[in-house]
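Hello,

Here is the structure I promised to hand over. Please open it first, then read the notes below.

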Amino acid sequence: ANWGTVSIYLEVFMRATSGTVYAQLYNTTDSLVVASSSLNTAASTFTRLRSPALTLTNGKSYRVQFAKDGAGEFLGAKLIVV
């Protein structure tokens, strides 16, 4: 609410050396995945992925979760505020 009217996106930089890698934004306050925040790739080169605009709620805590089905690397994640 303190940001005014903005769009917020999850952006990650990751690659799969085999299988698929995944990232999502998780609301730790309510134990829920943020809608439309799930990203994945099977690309073997580092790939920047960005979610659609997300709706976040004041007073909640969030963290990025990473997973892999196979092997992969995650270099970072950030929230983009436009």
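**Strand 1 and its partners**

Tyr9 stands opposite Ile80 in strand 5. A word on the basis: this is a predicted model, where local features need pLDDT of at least 70, side-chain atom pairs count only at pLDDT 80 or more, and totals for chains, interfaces and linings use all residues. Residues are numbered from 1 along each chain as its sequence is written, and side-chain values use heavy atoms, with hydrogens and water left out.

Strands are DSSP runs of E, at least two residues long, numbered from the N terminus. Two strands pair if DSSP finds at least two bridges between them.

Strand 1 runs antiparallel to strand 5 (residues 62-81), with 19 bridges joining them. Strand 4 (residues 47-50) is also antiparallel to strand 1, over four bridges. There, Glu11 faces Arg50. Strand 3 (residues 39-41) joins strand 1 by three bridges, again antiparallel. Tyr22 sits opposite Asn40 there. Strand 2 (residues 32-33) adds two antiparallel bridges to strand 1. Tyr26 has Val33 as its bridge partner. These two strands, 1 and 2, form a hairpin with four residues between them. Ser31, in the turn, has a positive phi of about 55°.

Strand 1 is mostly covered, with 14 of its 20 residues buried (under 20% relative accessible area, 1.4 Å probe, protein chains only).

Now Asn27, which lies in strand 1 (residues 8-27). Asn27 counts as buried because its relative accessibility is 8%. A polar atom of its side chain lies 2.9 Å from the backbone nitrogen of Thr29. Leaving aside residues up to four places away in sequence, Asn27 touches Leu32, Val34, Lys60, Ser61 and Tyr62 (heavy atoms within 4.5 Å).

Best wishes

How values were computed. Buried < 20%, exposed > 50% of the residue type's maximum accessible area, 1.4 Å probe, protein only. Polar contact = N/O pair within 3.5 Å; in protein donor to acceptor, adjacent residues only side chain to side chain.
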